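Please look at the sequence and the model together. The paragraphs below go from a single residue outwards to the ligand shell, the backbone and the domains.

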Amino acid sequence: MDPQPTRSGVTAVVAAYNEAARIGVVLDVLTTYDGFDEVVVVDDGSTDGTGEAVSAYPVTYLRIEPNQGKGHAMDVGVLHASTDLIFFSDADIVGLTHEMIRETVRPVIDGTCEMFILMRNRNIYYLHMLMTFIPLLGGERALTKDLWLRLPDRYKDRFRIEAGLNFYAIYYGGGLKYRVFKGISQTVKEAKFGFWEGMVRRVKMFRDVISAAWELQRHDVPATVEARRGAVWRIVGSVIGMFVGLFVLGATLVGPISFLQAVFAEELSADPNAPFVRFLLLVASSVSTPVLVVIGVGLLALNGLFFAGALIRLFTLGRTREAA
Ligand SMILES: Nc1nc2c(ncn2[C@@H]2O[C@H](COP(=O)(O)OP(=O)(O)OP(=O)(O)O)[C@@H](O)[C@H]2O)c(=O)[nH]1
Ligand SMILES: [Mg+2]
C-alpha cells in the first residue's frame, strides 16, 4: 500500500444546543491548543444564551435556526472548515486536555488511520474485551474532511452521525482507532434537561443510532464483505451438514437403534417416552441400513463439496480485497 500523504491543518468543530453553562470549559481548552487552525462553534438554535457564552472566546460562531440536530450542525461546521482534518468535540465535557487532543489528532495526521475516537472512561471498560461490543459513539474524535464528505447525507442527521462515520471509516476509508482516556466526563441529558425530557431525548438518541446501524447493514455493506459473510455462513452450514452425515454413518455402523439409545441414554433414562427420541427411533426402525449408508455418504459428500466451494470463495475474496 502507498504511504498516506501527511495531512495538514485541523479545525475544531463544536456542535452545541443549549450549552451556555458548559461550553466555556470546553472552549478554554480548545482555544488554547496550539494545533488548531480555527475553532468553530455551531449554535443549533439554542435558547439559553449559548451565543453570549461563546462571544468571550476567539472562535468562529455560526448559528442555525431553528434547531436541526447534531449531525446537521456538524456538517455546517465541516463545510465551513478549510483544513484537511477536523476535530469534533461535544460542548458538555469536562476534563479534556491538550495531551488528549494531541494523541487523538496525531494518528490521523500521520495516516495511521482515518478517524481516531477519544473514548471517555466508564467503569465497565475495565473489561477490555467488552469494548468489542460497545459502540464507539463518543463525540470527541479526529477525522479527515474527506471521510466526512464520503459519508452520505442521510447519516448526517441528528444522532445517526457517529454510527455512520464509524461504518464508513471501516468499510470505505482508512480505518478507525480509539483509545479510552481517564479523567474526562460529561453532563448527561437527564441533568441538563430534567429527568423526563432527558429520558425522552435519550430514547430518541437510541432510535437514531439503531436506525442508522440497521440502514448501514442493509444498504451500505460493500459487495465483497457481503459475499464474504455469505461464504462464512455456507461454511458453518456445511460443517453442520457433515456432522449430520457422520452421525447417520455412525448409526449404521453400530446399528441405528442401539446408536440412538446410546446417544440419547440420558434423555431416555429421564423419560423413556421422550417424544423427539421416540420419533428418531421410529424413523431409524423403518429405514434399512443401505438407505442410511446412502443418506450418510450423500450428506458427507455434498456438504464436503459446499465446504470446499465456500472456502475457495472466501480465499479468492480475500485476495481480491488485498490487491485492490
Ligand atoms: N447542534 C446540535 N447539537 C446538539 C443537539 N443535541 C445535542 N447536541 C450536542 O451534541 C453533544 C452531545 O449531546 P448529548 O445530548 O450530550 O449526547 P450524549 O453526550 O451522546 O449523551 P448523554 O449521555 O446524555 O450526555 C453536546 O455538545 C450537545 O450540545 C442538537 O440538537 N443540535
Ligand atoms: Mg453529553
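R120 is buried, with 20 other C-beta atoms within 10 Å. Here a residue is called buried if 20 or more other C-beta atoms lie within 10 Å of its own, exposed if 12 or fewer, and partly exposed in between, the C-beta atoms being placed from the backbone. R120 is part of strand β6; helices (H or I, at least four residues) and strands (E, at least two) are DSSP runs, numbered from the N terminus. Setting aside neighbours within four places in sequence, R120 is in contact with G138, F181, I184, S185 and Q186, contact meaning that the C-beta atoms of two residues, placed from the backbone, lie within 7 Å. From R120 to R228 the C-alpha distance is 33 Å, with their positions 108 residues apart in sequence.

The model is predicted: local features need pLDDT of at least 70, side-chain atom pairs count only at pLDDT 80 or more, and totals for chains, interfaces and linings use all residues. Residues are numbered from 1 along each chain as its sequence is written, while chains are lettered from A and ligands numbered from 1 in the order in which they are written.

Strand β6 (115–120) also helps to cover helix α4, as do β1, β4 (85–89) and β7 (141–144), for these are among the elements over the buried residues of α4. The buried residues in α4 are I101, T104, V105, V108 and I109. Seen down the helix axis, they fall within an arc of 130 degrees, so they line one face of α4; the arc is that of the directions from the helix axis to the C-beta atoms. Helix α4 covers residues 98–109, and its 12 residues should span 16 Å at 1.5 Å a residue, which agrees with the 16 Å between its end C-alpha atoms. The expected span is 1.5 Å times one less than the number of residues. After α4 comes G111, with a positive phi near 85 degrees.

Helix α12 (residues 275–286) can be set beside this. It has 12 residues and reaches 17 Å from its first C-alpha to its last, close to the 16 Å expected at 1.5 Å a residue. The number of buried residues among the 12 of α12 is zero, so this helix lies largely in the open.

Which residues come nearest to ligand 1? Of the 18 residues around it, they are Y17, D44, A73, A91 and K189, where a residue is near a molecule or strand if its C-beta atom, placed from the backbone, lies within 6 Å of it. The elements that give two or more residues to this shell are β1 (10–16), β2 (38–44) and α3 (70–80). By type, the shell holds seven nonpolar, four polar and seven charged residues. In this count Ala, Val, Leu, Ile, Met, Phe, Trp, Tyr, Cys and Pro are nonpolar, Asp, Glu, Lys and Arg are charged, and the others, Gly among them, are polar.

The backbone has some less usual points. Most residues other than glycine have a negative phi, and most peptide bonds are trans. N18, which is not a glycine, has a positive phi of about 50 degrees. It sits in the loop between β1 and α1 (23–30) and counts as buried, with 20 C-beta neighbours inside 10 Å. R158 is not a glycine either, and its phi is positive at about 40 degrees. The loop that holds R158 runs between α5 (145–150) and α6 (161–171); with 19 other C-beta atoms within 10 Å, R158 is partly exposed. The peptide bond joining E65 and P66 is cis, with omega about -5 degrees, and P66 lies in the loop between β3 (60–64) and α3.

Two further residues can be located by their contacts. L147 belongs to helix α5 and is buried, with 20 C-beta neighbours inside 10 Å. Not counting neighbours within four places in sequence, L147 is in contact with E114, M115, L165, Y168, A169 and G173. T31 lies in the loop between α1 and β2 and is partly exposed, with 14 C-beta neighbours inside 10 Å. Beyond residues up to four places away in sequence, T31 touches V39, Y57, P58 and V59.

At the level of the whole protein, there is a division into domain 1 (10–221) and domain 2 (224–323), with bounds that come from an automatic or database domain assignment. The C-alpha centres of domain 1 and domain 2 are 49 Å apart.
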